[in-house]
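Colleague: I am new to this model and would like to go through it with you step by step. Could you show me the sequence and the structure before we begin?

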Amino acid sequence: SRRDLAWLAAGVQLTTMGVVIISTANILDGPFAGLVTASIVSYFVALESRGRTRHLLLALAGLACGGAFLVKGLLAVVLPALVGGVYLICTRRFRDLFLTPWLPLLVTAMVVAPWAIAIHRAEPEFWEHFIVGAHFNRFTAADSNQHSEPIWYYFMMLPLLAMPWAFAWPLA
């Protein structure tokens, strides 16, 4: 039955070596992805809503975006803006393109502002490092690759990370 399959899938997921290792490490990609997704979904549902509901959903999009910024940085604003902007341009909703982003941006700024002000007071040079070093240089500098292993390294690691279920692959 479908219920048995769901329990089996959950059991496999929870007992896979790679999942166990990664879930016990302090990796912020999961919360970041969840908050960015919440921001994008709230924004898209707001686009189809009207009145007070629309404003609440736009504010929720900004709240999630601000949380994502606190988790991982500038990419939290860039990703939803890119997705929403491209969608609105492709669907020729230019009015929404210029009217709807303001409330989410305001709420995002309100969420981020207390931390941003506090960090600036404590470490004034932080912003140059954070924006230029941790964001732009990371993606544009030739020697900034965090993971210098060749691509085949990850393919070799996959069976190890899939233990003990890698033994079931031939059955699949």
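Colleague: In which helix is the place of arginine 54?

Modeller: This is a predicted model in which local features need pLDDT of at least 70 and side-chain atom pairs count only at pLDDT 80 or more, while totals for chains, interfaces and linings use all residues. Residues are numbered from 1 along each chain as its sequence is written, and side-chain values use heavy atoms, with hydrogens and water left out. Helices are DSSP runs (H or I, at least four residues; strands are E, at least two), numbered from the N terminus. With that numbering, the place of arginine 54 is in helix 4.

Colleague: Is arginine 54 buried or exposed?

Modeller: The cut-offs are under 20% relative accessible area for buried, over 50% for exposed, and partly exposed in between, with a 1.4 Å probe and protein chains only. Apart from neighbours within four places in sequence, arginine 54 is in contact (heavy atoms within 4.5 Å) with Ala46, Leu47, Ser49, Arg93, Asp96 and Thr100. Because its relative accessible area is 14%, arginine 54 counts as buried.

Colleague: At what angle do helix 4 and helix 7 pack?

Modeller: Axes here are lines fitted to C-alpha atoms, for helices over the stretch in contact, and angles run from 0 to 180 degrees between N-to-C directions. Helix 4 covers residues 51-72 and helix 7 covers residues 102-122, and their axes are 7 Å apart. The angle at which the two pack is about 35 degrees.

Colleague: How many nonpolar residues are there in the contact of helix 4 with helix 7?

Modeller: Among the residues that meet are Leu58, Cys65 and Phe69 in helix 4, and Val107, Val111 and Trp115 in helix 7. The classes are nonpolar for Ala, Val, Leu, Ile, Met, Phe, Trp, Tyr, Cys and Pro, charged for Asp, Glu, Lys and Arg, and polar for the others, Gly among them. On this division no residue of the contact is charged, five are polar, and the number of nonpolar ones is 13.

Colleague: Which kind of aromatic pair do tryptophan 127 and phenylalanine 130 form?

Modeller: Rings of Phe, Tyr and Trp (its six-membered ring) pair if their centres lie within 6.5 Å, and planes under 30 degrees apart count as stacked, over 60 as edge-to-face and the rest as tilted; the structure holds 11 such pairs. Both residues lie in helix 8 (residues 126-140), three residues apart, about one turn of the helix. Their ring centres are 5.7 Å apart and the planes stand at 80 degrees, so the pair is edge-to-face.

Colleague: Which residues form one aromatic cluster with Phe126, Trp127 and Phe130?

Modeller: Of the helix 8 pair, tryptophan 127 is partly exposed at 22% relative accessibility, whereas phenylalanine 130 is buried at 12%. The cluster that includes these two and Phe126 is completed by Phe69 and Trp115.

Colleague: How many disulfides does the count give?

Modeller: A disulfide is a pair of cysteine sulfur atoms within 2.5 Å. Cysteine 65 is buried, with a relative accessible area of 7%, whereas cysteine 90 is exposed, with 60%. By the distance rule, the count of disulfides comes to zero.

Colleague: Which proline does a cis peptide bond join to methionine 163?

Modeller: The omega of this bond is about 0 degrees. The proline lies in the segment after helix 9 (151-161). The residue joined to methionine 163 is proline 164.
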